[in-house]
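Here's a quick tour of a few local features worth a look. Have the structure open while you read.

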Amino acid sequence: MPEMPETPETPGMPETPGMPETPEEIILTGYRPTGRMHLGHWFGNLQNMLALQHDFDETYYFVADWHALTSDWADPGRLIEHTEDMVLDWCAAGIDPEKSTIYRQSDIPQIAELNIYFALVTPMGWLERVPTYKEQRDNIQDKDLGNVGFFQYPMLQGADIAIMRATQVPVGEDQLPHLEVGREIVRRFNYTYGEVVKDGKGKGEDLVVGPLVEPQALIAGAGARVPGLDGRKMSKSYDNALFISDDEETLRHKAMGCITDPARKLKTDPGDPDICPLHQIHRLVGDAAVIAEFDECCRKASCGCVAHKRKFADDIVAYLAPFRARRGELAGLSGYAKEVLAAGAAKARPKAEETIRLCRDAMNITL
């Protein structure tokens with residue numbers, strides 16, 4: 001792997017009997033490569049990933065390219081580009097490939113095999129009841145989501161987690177139903193193919209010992225809610241995002257176009273920073289004293305929104321400068337993202353192979 005430049009400071013279950021020795025805590029999470037990462041990802045996902053890699057024994061971060069294909073199957077042309085962009089963003093933000101295992105989902109074929117085994121024990125009704133499946137089928141109109149791949153998305157996600165025998169998965173509270181389906185699949189697989197160990201303490205509670213670990217939810221920090229430049233949720237699809245890899249000129253142009261308190265029509269009208277998208281984004285990247293000054297002058301109508309936008313433009317450029325410089329260095333290392341993914345796959349694959357061996361043995365299908 002190419003030598004990495006020095007990383008700058010970034011702003012801002014118990015062991016199962018009969019199983020191989022497993023570290024006390026294994027964290028796993030993955031994200032779909034659907035485009036460039038923006039400030040919402042930075043404060044909502046990346047900062048949490050940075051903390052986890054220092055707080056836990058093992059951290060696995062994977063690029064979920066198969067998951068991306070379930071919705072973008074008709075137009076996968078930019079999948080490779082988005083994958084490499086995501087790896088560069090992660091590493092430039094401070095994710096250390098020497099400490100965290102960064103790999104691409106499709107480089108671990110054992111995930112697909114485990115997904116087939118999961119399909120044997122998963123009732124269709126379990127997948128139909130997943131809230132995100134229903135919501136996306138109802139809300140996404142520009143893509144054909146009527147394929148089997150998208151339908152079994154939660155099952156594949158369960159295989160992603162189980163293949164690495166992850167003990168904890170960081171999720172938001174709204175994602176708990178999604179994870180619970182994966183937990184139920186693991187539980188049913190272990191019950192079907194595992195062994196019942198009789199309780200020797202007379203409590204009448206037998207224990208099912210199976211090849212897979214049932215992951216627990218790690219409720220991730222809520223993270224900062226980052227509004228988009230138009231006041232809606234920051235999203236690529238809304239064309240209202242500040243991408244963390246935007247160049248300085250683009251950042252300044254977008255900053256000057258950010259909307260402010262819609263009720264403040266004139267400079268002499270008092271404003272409300274609590275409902276101002278500009279203020280909400282600025283306070284995430286600016287100095288607290290400066291933010292307090294603009295809060296006060298906005299409420300008193302002693303300053304205008306244009307001056308605030310100019311200061312925000314300066315601050316967002318300065319805030320992202322270390323990241324953008326490091327990303328430029330990594331992008332200049334020929335094949336860096338591919339090397340990171342190859343090294344990560346080499347680290348992840350032995351554990352995946354061991355999990356599949358345990359599952360085949362439990363199912364009595366080993367030759």
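Let's start with the sulfurs. Cys297 and Cys303 are joined by a disulfide, with 1.9 Å from S to S. Keep in mind that this is a predicted model, so the bond comes from the modelled coordinates. The angle about the S-S bond is 60°, making the link of Cys297 and Cys303 right-handed. Cys297 and Cys303 are both buried. In total, the count is one disulfide.

What about Cys305? Its sulfur has its closest cysteine sulfur in Cys298, 6.1 Å away, and that is too far for a bond, given that a disulfide needs the sulfur atoms within 2.5 Å.

Here's how a few residues compare in exposure, two of them cysteines and two of them coming up again below:

| Residue | Relative accessibility | Class |
|---|---|---|
| Cys91 | 0% | buried |
| Ala301 | 18% | buried |
| Cys305 | 23% | partly exposed |
| Asn364 | 68% | exposed |

Ala301 sits in the loop between helix 12 (288–300) and helix 13. Its phi is near 60°, which is positive even though Ala301 is not a glycine. Ala301 counts as buried because its 18% falls under the 20% cut-off. Asn364 also has a positive phi, about 60°, and isn't a glycine either. It's found in the segment after helix 14 (336–363). For context, most residues other than glycine have a negative phi.

Now for helix 13, which covers residues 305–331. How far apart should its ends be? With 27 residues at 1.5 Å a residue, the expected span is 39 Å, and the end C-alpha atoms are 36 Å apart, so the two agree. Helix 13 does have a kink, though: about 45° at Ala321, shortly before the proline Pro322.

Finally, the strands. Strand 2 (residues 58–63) has five of its six residues buried, so the rest of the structure largely encloses it. From strand 1, the chain passes through helix 1 (residues 39–55) to get to strand 2, and this β-α-β crossover is right-handed. Strand 1 (residues 26–31) and strand 2 run parallel, with six bridges between them. One position to look at is Thr29, which stands opposite Tyr61 in strand 2. Strand 2 also runs parallel to strand 3 (residues 101–104), joined by four bridges. There, Tyr60 has Thr101 of strand 3 as its bridge partner.

Definitions and conventions:
Residues are numbered from 1 along each chain as its sequence is written. This is a predicted model: local features need pLDDT of at least 70, side-chain atom pairs count only at pLDDT 80 or more; totals for chains, interfaces and linings use all residues. Side-chain values use heavy atoms; hydrogens and water are left out. Helices (H or I, at least four residues) and strands (E, at least two) are DSSP runs, numbered from the N terminus. The expected span of a helix is 1.5 Å times one less than its number of residues. The bend at a residue is the angle between axes fitted to the seven residues ending there and the seven starting there. Buried means under 20% relative accessible area, exposed over 50%, partly exposed in between (1.4 Å probe, protein chains only). Two strands pair if DSSP finds at least two bridges between them. A crossover is right-handed if, with the strands pointing away from the viewer, the path from the first strand over the helix to the second runs clockwise.
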